[in-house]
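Me: I am new to this structure and should be grateful for a close look at a single part of it, namely the nonpolar core. Please set that part in the context of the whole chain and then discuss individual residues.

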Amino acid sequence: MSENIIKIFTDGACKGNPGLGGWGALIIEDGEEKEIYGGSFNTTNNQMELRATIEALKFFKDPKIIEVYTDSKYVKDGITKWIINWKKNGWKNASNKSVKNSELWIDLDKMTNHHTVNWFWVKGHSNHRENDIADALANKGIDELT
C-alpha cells in the first residue's frame, strides 16, 4: 500500500428525516488522522452522507489519490453507477423525475473529477474503528447545533 494514498472515512447522521443533521469525516494522510465535521438544520440523512464526502474531498485543494470509505450505498452506488445515466438524462432518474439532491451530486461529481477517487463500502455500526469515528463526528455536528 502506498503512503501517498489518502483514506477518507465518511458518515452522515440525522435526528428526524428531515431534521437536524450532521456529517463527519476521518481523513488519514501519511499516517496522520484529521477530523472534520459540521451540521445543518432541516436536512436529510442522505444529504448529510453526501455532504460528508464532498467536504472531505474539498479539504484537498490539489488533486490527490483518495480512497473513500462510506457506509452509505446511496453515496457509493450513486457516484459509481447511477450518476452516469443521470447526467445523460439531464439529471432525471429512470422514472423521468428530477434526481433528488442533484445540487449535491453535481458538487460531488466535480470533486471526484478533480481527484482520483476509489470507492469502498463498509458496513455501518459494525465496530469498524474508522467508520465509528466518522459516525461520532457526524453526531458531534448535530450536537453543536443544539
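Reply: The following account begins with the whole protein, turns to the core, and ends with selected residues.

The model is a predicted one. The protein contains four helices and five strands. Read from the N terminus, these elements follow the order β-β-β-α-β-α-α-β-α. The radius of gyration of the protein is 15 Å, close to the 15 Å that the globule rule gives for 146 residues, so the protein is as compact as a globular protein of that length. Along the principal axes, the C-alpha atoms of the protein fill a box of roughly 45 × 40 × 30 Å.

Some totals describe the interior and the surface. Of the 146 residues, 45% count as buried. When contacts between residues at least 6 apart in sequence are considered, 66% of them join residues at least 24 apart. The protein exposes about 7800 Å², and carbon and sulfur atoms supply 47% of that area. As for charge, the protein has 19 positive and 21 negative charges, and the mean positions of the two sets are 9 Å apart.

The core itself may now be considered. In soluble globular proteins, nonpolar side chains tend to be buried together. In this protein, the largest nonpolar core has 28 residues. The residues with the most contacts inside this core are I8, L50, L57, I66, W105, L108 and W119. Two or more residues of the core come from each of the following elements: strand 1 (6-16), strand 2 (19-29), helix 1 (45-58), strand 4 (65-70), helix 2 (73-88), helix 3 (102-114) and strand 5 (116-121). Helix 1 gives the most to this core, with six residues. There is also a second, separate core of seven residues, which includes L26, I28, I133 and L137.

W119 repays individual attention. Apart from neighbours within four places in sequence, W119 is in contact with T53, V68, V75, K76, I79, T80, L108 and T112. One of these partners, L108, is itself listed with W119 among the residues with the most contacts inside the largest core.

Helix 1 offers another view of the interior through A56, which is found in this helix. A56 counts as buried because its relative accessibility is 0%, and the cut-off for that class is under 20%. Leaving out residues up to four places away in sequence, A56 touches I8, T10, A25, I27 and I36. The C-alpha atoms of A56 and K7 are separated by 10 Å, although the two residues are 49 residues apart along the chain.

Helix 3 contributes M111 to this survey. With a relative accessibility of 12%, M111 also counts as buried. When residues up to four places away in sequence are not counted, M111 touches I54, L57 and K58. Of these, L57 is among the residues with the most contacts inside the largest core. Between the C-alpha atoms of M111 and I65, which are 46 residues apart along the chain, the separation is 12 Å.

N45, also found in helix 1, presents another case. N45 counts as partly exposed because its relative accessibility is 24%. Apart from residues up to four places away in sequence, N45 touches G12, A13, C14 and N17. N45 and G22 are 23 residues apart along the chain, and their C-alpha atoms are separated by 8.2 Å.

The contact with N17 leads to a detail of the backbone. The peptide bond from N17 to P18 is cis, with omega near 15°. P18 is found in the loop between strand 1 and strand 2.

Two asparagines complete the account of the backbone. N42 has a phi near 50°, a positive value in a residue other than glycine. N42 belongs to strand 3 (residues 32-43), and counts as exposed, at 63% relative accessibility. N101, likewise not a glycine, has a positive phi of about 65°. N101 is placed in the loop between helix 2 and helix 3. With a relative accessible area of 13%, N101 is buried.

Notes
Residues numbered from 1 in each chain as written. Predicted model: local features only at pLDDT ≥ 70, side-chain atom pairs only at ≥ 80, totals over all residues. Heavy atoms only, no water. Rg over C-alpha atoms; globule rule 2.2 N^0.38 Å. Buried < 20%, exposed > 50% of the residue type's maximum accessible area, 1.4 Å probe, protein only. Contact = heavy atoms within 4.5 Å. Areas by Shrake-Rupley, 256 points an atom, 1.4 Å probe, with all protein chains shown as cover. Lys, Arg positive; Asp, Glu negative; His and termini not counted. Charge placed at Lys NZ, Arg CZ, Asp CG, Glu CD. Core = buried A, V, L, I, M, F, W, Y, C linked by side-chain atoms within 4.5 Å.
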